[in-house]
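Trainee: Could you take a close look at the salt bridges in this one for me? I'd like to hear which residues pair up and how buried or exposed they are.

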Amino acid sequence: MGVEVGSAAPDFSLKSQHGEDVALSSFRGSRHVVLVFIPFAFSGTCTSELGEIRDHLDAFAARDTQVLAVSCDHFFSNRAFSDSEGLTFPVLSDFWPHGEVSRAYGTFNAEAGAPERGTYVIDSEGIVRWKVQVGIGDRRDLSEVLSALAELS
């Protein structure tokens, strides 16, 4: 199960690292969204991947795209993580009900209690246009995400 390319992205509202509610639907009609599921704040691969996104935020902005990261960590943990790594995009907490959004997207790994590494490119109309999912220990290629975004323009 999971979300397929060409289907509507399941809407959600989650707390950011600042305790603010962020709804996917709030970007509809105005911006594309890159939704990035990460297993654990402060883990090596998550830190590296989100740091790479942080370092390329101008490429997302140039394509009218909002980055949203999602973990099952509590928003207080996400705040400490984003502060320590200088992350200025929302890092959302799928803490409770535990993994509900991760499950809706088909990324939740019940054995780990955390999402697999899933990335979804969602256009400004809320349709999933590209996705990739890899295991918890694997790394995603940012250039593939940027290529998928380029095809939307």
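Mentor: Here's a walk through the salt bridges, pair by pair. Keep in mind that this is a predicted model. Searching the whole structure turns up eight salt bridges, and a few deserve a proper look.

Let's start with Glu-4 and Lys-131, whose closest N and O atoms sit 3.8 Å apart. That pair ties together distant parts of the chain: Glu-4 belongs to the segment before β1 (13-15), while Lys-131 is in strand β9 (residues 128-134), 127 residues away. Glu-4 has 48% relative accessibility, so it counts as partly exposed. Lys-131 is partly exposed too, with a relative accessible area of 31%.

Now for a pair within one helix. Arg-79 and Asp-83 form a salt bridge at 3.0 Å, N to O. Both are in helix α3 (residues 75-85), four residues apart, which is about one turn of the helix. Arg-79 comes out as partly exposed at 36% relative accessibility, and Asp-83 is likewise partly exposed, at 48%.

Then there's Arg-129 with Asp-123, where the closest N and O atoms are 2.7 Å apart. Here the two ends fall into separate classes: Arg-129 is partly exposed, with a relative accessible area of 42%, whereas Asp-123 is at 11%, and because buried means under 20%, Asp-123 counts as buried.

Finally, there's a network to look at: Glu-49, Arg-117 and Arg-140 are joined into one by salt bridges that share partners.

Definitions and conventions. Residues are numbered from 1 along each chain as its sequence is written. This is a predicted model: local features need pLDDT of at least 70, side-chain atom pairs count only at pLDDT 80 or more; totals for chains, interfaces and linings use all residues. Side-chain values use heavy atoms; hydrogens and water are left out. A salt bridge is a side-chain nitrogen of Lys or Arg within 4 Å of a carboxyl oxygen of Asp or Glu. Helices (H or I, at least four residues) and strands (E, at least two) are DSSP runs, numbered from the N terminus. Buried means under 20% relative accessible area, exposed over 50%, partly exposed in between (1.4 Å probe, protein chains only).
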